[in-house]
Amino acid sequence: MDMIDSSPGPRARESEELFFRALCLCHTVQVKEEETVDGLKHGLHSGRPSSFYISSSPDEVALVEGMKRLGYTYLRLKDSHMEILNREDQVERFELLEVLTFDSVRRRMSVIVRASTGEVYLFCKGADSSIFPRVVSGKVEEVKDRVEHNAVEGLRTLCVAYRALTPEQYEETYRLLNEARLALHDRDRRLAEAYDQIETQLVLLGATAVEDRLQEEAADTVESLHQAGMKVWVLTGDKMETAAATCYASKLFRRGTRVLELTTKRTEEQSLHDALFDLSRTVLRPHREPSGLGLDPDPVSGLSGECSDFGLIIDGATLSAVLQPGPEASSAGDYKEIFLEICRNCSAVLCCRMAPLQKAQIVKLIKASKEHPITLAIGDGANDVSMILEAHVGIGIMGKEGRQAARNSDYAIPKFKHLKKMLLVHGHYYYIRISELVQYFFYKNVCFIFPQFLYQFFCGFSQQPLYDTAYLTLYNISFTSLPILLYSLMEQHINIDILRKDPTLYRDISKNCLLRWPIFIYWTILGVYDAMVMFFGAYFLFDNTTFTSNGQMFGNWTFGTLVFTVLVFTVTFKLVLDTHYWTWINHFVIWGSLIFFVVFSLLWGGIIWPFLNYQRMYYVFMQMLSSGPAWLSIILLITAGLLPDVVKKVICRALWPTTTERIQCVRARRVFDRIVVYQSSDSLLDGVALSED
């Protein structure tokens, strides 16, 4: 905390005490006795209950607690009176007359209090950009220098000012506020105008600086997101210097990053149009100039190695001009597209001095861009709620700024570091599972329905079903549902530790690569091919009249049962080929489903059910299994159906393997080598034992 006047003398001491009193009074902190909050007990000191401070802003709590260490203790707010314990252990009472609440547009808050001596003070606390223009006296330049120095060190700064009000001035202030609060129309606008008139002619008292420490492993998490190919934007209300220092500490900006600025200071020196086009030429130059370094474009972001070294800083005022351009933008085109083009070629973007509404506007702008990227917003305070609600996925951190962000989010996490595992591990697994689930369901139903469609050409379009009604009912309910359900819950195509250690593996699933049209068409063609193999394979194998061992001929229900048997085994074995993570549950469900199908078919066709009006399936399944050609056809058709998919997997893994597939091959070789070593060791021990005998 920086005091204005540190020179000796009574006036300096009076300014210092007034500064302390301002920080003890200008806040919305509440004093609570010892109680349980979120399952934790607060306010215990040496086993005895005591009071503690709570507020929607942790900065306010930090400042009040700092004043307590310096000898000025805020005690309570009781009967509209704020009580302070000063250095001489004397209780000072101030009547709280008005509270001019903080908002993101004004970036400041004020209180009007009356001292026990009858003097009325207005204490104001806020961002330096909102306080300095309203100050008429005080050592402004000294405080500015100190604020800039603290901001460069990454501290969050606030300026404190006051104004002594005469009785007439207070009456006028009360009238303005009362008229605005009682207004039936445009109440918020009139209140903002009243606040603007009241918070003028201030005397600067001093400035504060609060260290906003990064959470543990925050830098590692941001770096991992970069390696995974994600664009990281930081939207904050802090000063540019404070935010930039935080970005360097969190590795959002690296040492080699060339930081570009699009701020109010730059737009004062040149027009916004010229500044945007200068930045555009700067970031696009590496694309136009031939490079002999052989830098390949990034497969995810589309940027070259040089382009990834750019970082952009923009402030709230300039962003407002970009999003709502003036008349000069009509001839120069839309500034939004130029701004987005600059951001596309930067590895990271820092937006400082942002209002909550501007954060949501940024997210909306990115969502509406021509790439239509998936956006994720993460925040820990009430000022992040609009951004979280606007993004495709919102994540709230349950931090010291309350639970507003967590309550309005899709997911809530206790620490920022958990975002790494949430995205790179669980997000990776979820995408692999859900993509397989969607396309496998489509595939197995194509295999199921298409033979029925083909059968109509051979039954005179008489609507004769190919399968029995029990098979039609239980196919998606019992025979093929549990294996894919378990796959979508438990599949781990690669180890968790490897996904956490190598964030680049996330690039293999970037840009929705597994749910694109080429992959969908492949699954469709594979389903049609398998269906045709099942139907026509069975048709041509039994083209001539076929007899069983007892001399009976195969009928249409035997033909349909044969096709259905091949169908169930083929689609189940297809999922077996795609499964990488095997547990006893997988074995139980997959092989159990096949066994259940066989047992059900034996029971369904082996018993005369009295509640059925027909017995068309009686002894059909047993009759089919008693035929050697039926067994041979089942094996051949299953092999023929799975062969193209196996060949495709082998060729793709050999010629165009992804990073994930390479790691899978390496792990498979290690397991195989380990098994060979164990077998060799067992053989060697057996040989030694025999020689000893």
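A residue counts as buried when its relative accessible area is under 20%. Keep that cut-off in mind for this tour of a predicted model.

**The whole chain**

Start with the full view. The protein chain has 693 residues, of which 44% count as buried. Colour by secondary structure and you will have 26 helices and 22 strands to look through. Among contacts between residues at least 6 apart in sequence, 67% join residues at least 24 apart. Switch on the surface, and about 36,400 Å² is exposed, with carbon and sulfur atoms supplying 57% of it.

**Helix α22**

Now select residues 556-578, which form helix α22. Here 20 of the 23 residues are buried, so the helix is largely enclosed by the rest of the structure. Try a distance between its end C-alpha atoms: they are 33 Å apart, which agrees with the span of 33 Å expected for 23 residues at 1.5 Å a residue.

**The core around it**

Which residues touch the most other members of the largest nonpolar core? Select Y467, Y471, F564, L567 and F597, and you have them, out of 54 residues in that core. Several elements give two or more residues to this core, including α17 (418-455), α18 (469-479), α21 (517-541) and α25 (628-655). The element that gives the most is α22, with eleven residues.

Zoom in on L567. Leaving aside residues up to four places away in sequence, L567 touches C447, F448, Y467, Y475 and M534. Apart from this core lies another one, of 34 residues; L260, L284, Y335 and A377 are among them.

**A nonpolar patch on the surface**

Next, move along to W582, in the loop between α22 and α23 (584-606). With a relative accessible area of 31%, W582 is partly exposed. Add W591, I595, V599, L603 and I607 to the selection: together with W582 they make a nonpolar surface patch of about 510 Å².

**Salt bridges around R108**

Side chains of opposite charge can pair when their charged atoms come close. Across the whole structure, a search finds 34 salt bridges. Select R108 and D196 for one of them, where the side chains meet at 4.0 Å, N to O. D196 lies in helix α6 (residues 187-198) and R108 in strand β11 (residues 108-114), so this pair ties together parts that are 88 residues apart in sequence.

Are these two partners buried or exposed? R108 is buried, with a relative accessible area of 5%, while D196 is partly exposed at 37%.

Keep R108 selected and add E199. These two also form a salt bridge, with the closest N and O atoms 2.5 Å apart. E199 sits in the loop between α6 and β15 (202-211), so its pairing with R108 in strand β11 links parts that are 91 residues apart in sequence. Both R108 and E199 are buried.

**Along helix α6**

Stay on α6 and pick E193 and R189. Both lie in this helix, four residues apart, about one turn. Why look for partners at that spacing? An α-helix has 3.6 residues a turn, so residues three or four places apart point the same way. E193 and R189 do form a salt bridge, their closest N and O atoms being 2.8 Å apart. E193 is partly exposed at 38%, and R189 is partly exposed at 44%.

To finish, select D103, R106, R108, R134, D196 and E199 together: salt bridges that share partners join them into one network.

Terms used. Residues are numbered from 1 along each chain as its sequence is written. This is a predicted model: local features need pLDDT of at least 70, side-chain atom pairs count only at pLDDT 80 or more; totals for chains, interfaces and linings use all residues. Side-chain values use heavy atoms; hydrogens and water are left out. The expected span of a helix is 1.5 Å times one less than its number of residues. Buried means under 20% relative accessible area, exposed over 50%, partly exposed in between (1.4 Å probe, protein chains only). Patches are made of residues with over 30% relative accessible area and no salt bridge: like charges are joined within 9 Å, nonpolar side chains (Val, Leu, Ile, Met, Phe, Trp, Tyr) within 5 Å. Accessible areas come from the Shrake-Rupley method with a 1.4 Å probe; for residues, only the protein chains shown count as cover. A nonpolar core is a set of buried Ala, Val, Leu, Ile, Met, Phe, Trp, Tyr and Cys residues joined through side-chain atoms within 4.5 Å. Contact means heavy atoms within 4.5 Å.
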